[in-house]
Amino acid sequence: MSDKVHVSFTVNGEAVDVLVDPRELLIHTLRERLRLTGAHIGCETSHCGACTVDLDGASVKSCTVLTVQCQGAELITVEGLAGPDGLHPLQAAFVQEHGLQCGYCTPGMLVRGWRLLQDNPDPSEAEIRFEMAGNLCRCTGYQNIVRSVRRAARELRGEPVAEGEAATE
Amino acid sequence: MIPGRFEYHAASGVDEALRLLSELEGERALLAGGHSLLPMMKLRFAEPAHLIDLGKITELKGIREEGGELVIGPMTTEAELLASDVLARRCPLLPEVARQIADPQVRNRGTLGGDALHGDPANDHPAVLTALDARFVIRGPRGQRESAADGFYLGPYLKDLGDDELVTAIRIPIPAPGHGHAYCKLKRKTGDWATAAAACILELAEGRVQRVRLTLTNLGPTPIRVHDVEDLLTGEPLDAGRIEQAGQAAAAATDPAEDLRGSPEYKAHVAGEMTRRALRLAQERAEGGAR
Ligand SMILES: Cc1cc2nc3c(=O)[nH]c(=O)nc-3n(C[C@H](O)[C@H](O)[C@H](O)COP(=O)(O)OP(=O)(O)OC[C@H]3O[C@@H](n4cnc5c(N)ncnc54)[C@H](O)[C@@H]3O)c2cc1C
Ligand code: FES
Ligand code: FES
């Protein structure tokens, strides 16, 4: 019973091929087989969003996806956000606006915030809060996370934000 | 937390899924978005020997209009309900509900069918589909049949659906133009299930209630359609006194279980308030006010 299954997909643009038990969750394949340890395990019950990755253009909680469901999928993890020139503007904004305290939720926040800005380059604060609601920060430092996303949105739209200038309305 | 062992089958179409359902030995489960089933499997509340994944079946997806009805594939995600232009125009109650379910990541995976057919009394779509007079189109070894959402739910996780049957579509009569709608849900926090919620579809004619549907979520073993309240309101003007009476009657019609979200008394109280809010909001919308 439960023979292993070959699954092929791409992660951060690279093709991979894994042999997994059907019950293996995507978060474990990413962390333990592919050594992509950016996505974290928080609650394991699809509440906290620490395990968020991008699956075929949508944010998902990888603790509640089976790897076998990802045949042919395109995945992006936090490791795929930075480019050859360094940090992605959203990552830089988290540094500038102190969007991380202990950092545990940060990879999930970044992948989710990145997708949000792909879908909506000019989100209002209310939209950011609604769209980031699946990501919990156990330090509850949401204010700076929202500011970080706002700053990144402005920078990605080509409106430079001066050092020290809070990315508020 | 990892699910127990099972054999995985990715069904390529409805026929194959039906064949797998009837041929495989042992407990079989259908996998839609997985956000109810996989957590239950992690906790060993469910230990199917076979998992039949519906994820690749395109004929189970999509939203279309057909002869005065909306036909929605059960594998349509909450995110797709939220983004649908057809629903925004024809049946705004559905996206309004989807918006209040879980969070963006869960809505990207969770499906209308999975929510409506899982049988959890706390899920939002069962009461909403009941208010909309929806019907499930069901296929099984004995052919195709339909079952109305009103009456489909028999108890927690118990429904009028055989082990070897599959829902292939959800059909919803398009609500009358100018109808009012509302889904009022109290939850403890973003992304939570309802402490109590009320769904309402309302048609007014010359200031009087011509037709009303009122249903409640998480207030009994199944969704509750409050016939008494519907009767109380039909043919009457919807004034503050009536709305108050309706709220009290709805609270009295509940049979909630005690859980983390509150005592039966508290939930019944919230049911009354959600009913009053749903009626007021649906009335405002029917009169052309709030959208
Ligand atoms: C953090 C979190 C918060 C949530 N909050 C809410 C909430 O506020 N309100 C709410 O309503 N839900 C909530 N949910 C549940 C979520 O909406 C689920 O995704 C949904 O209830 C089940 O849909 P699914 O597509 O994931 O189904 P799955 O879990 O894949 O399937 C559930 C069951 O549905 C049945 N099924 C599915 N498709 C068919 C079919 N075509 N024919 C026959 N049977 C079928 C099967 O029995 C299957 O086992 C929440 C979930 C999480 C993880
Ligand atoms: S670990 Fe996946 S949502 Fe918390
Ligand atoms: S920064 Fe501590 S959990 Fe978010």
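**Exercise 1. State how much area chain A and chain B bury between them, and which residues of chain A supply the greatest part.**

Solution. Chain A and chain B together bury about 2700 Å², and carbon and sulfur atoms account for 58% of that area. Buried area here is the accessible area (1.4 Å probe) that two parts lose on being put together, summed over both. On the side of chain A, 26% of the area buried against chain B comes from A:R23, A:Q69 and A:F130, more than from any other three residues. The model is predicted: local features need pLDDT of at least 70 and side-chain atom pairs count only at pLDDT 80 or more, whereas totals for chains, interfaces and linings use all residues. Residues are numbered from 1 along each chain as its sequence is written, chains are lettered from A and ligands numbered from 1 in the order in which they are written, and side-chain values use heavy atoms, without hydrogens and water.

**Exercise 2. Determine how many residues are in contact across the interface, and describe the side of chain A by class and by element.**

Solution. Taking contact as heavy atoms within 4.5 Å, 31 residues of chain A meet 31 residues of chain B. The polar contacts (N or O atoms within 3.5 Å, one able to donate a hydrogen and the other to accept it; residues adjacent in sequence count only if both atoms are side-chain atoms) amount to 9 residue pairs across this interface, both residues at pLDDT 80 or more. Next, the elements: β3 (52–55), β4 (58–61) and α4 (125–131) of chain A each give at least two residues to the side that touches chain B. The largest share, 4 residues, is from β4(A). Helices (H or I, at least four residues) and strands (E, at least two) are DSSP runs, numbered from the N terminus. By class, this side of chain A has 13 nonpolar, 12 polar and 6 charged residues, with Gly counted as polar.

**Exercise 3. Identify a salt bridge across the interface and one within chain A, and explain what the latter ties together.**

Solution. A salt bridge requires a side-chain nitrogen of Lys or Arg within 4 Å of a carboxyl oxygen of Asp or Glu. Between chain A and chain B there are 2. One joins A:D21 to B:R5, with the closest N and O atoms 3.3 Å apart. Over all chains the structure holds 43 salt bridges. Within chain A, the side chains of A:R112 and A:E131 form a salt bridge at 2.8 Å, N to O. A:R112 belongs to helix α3 (residues 106–119) and A:E131 to helix α4 of chain A, so this pair ties together parts 19 residues apart in sequence.
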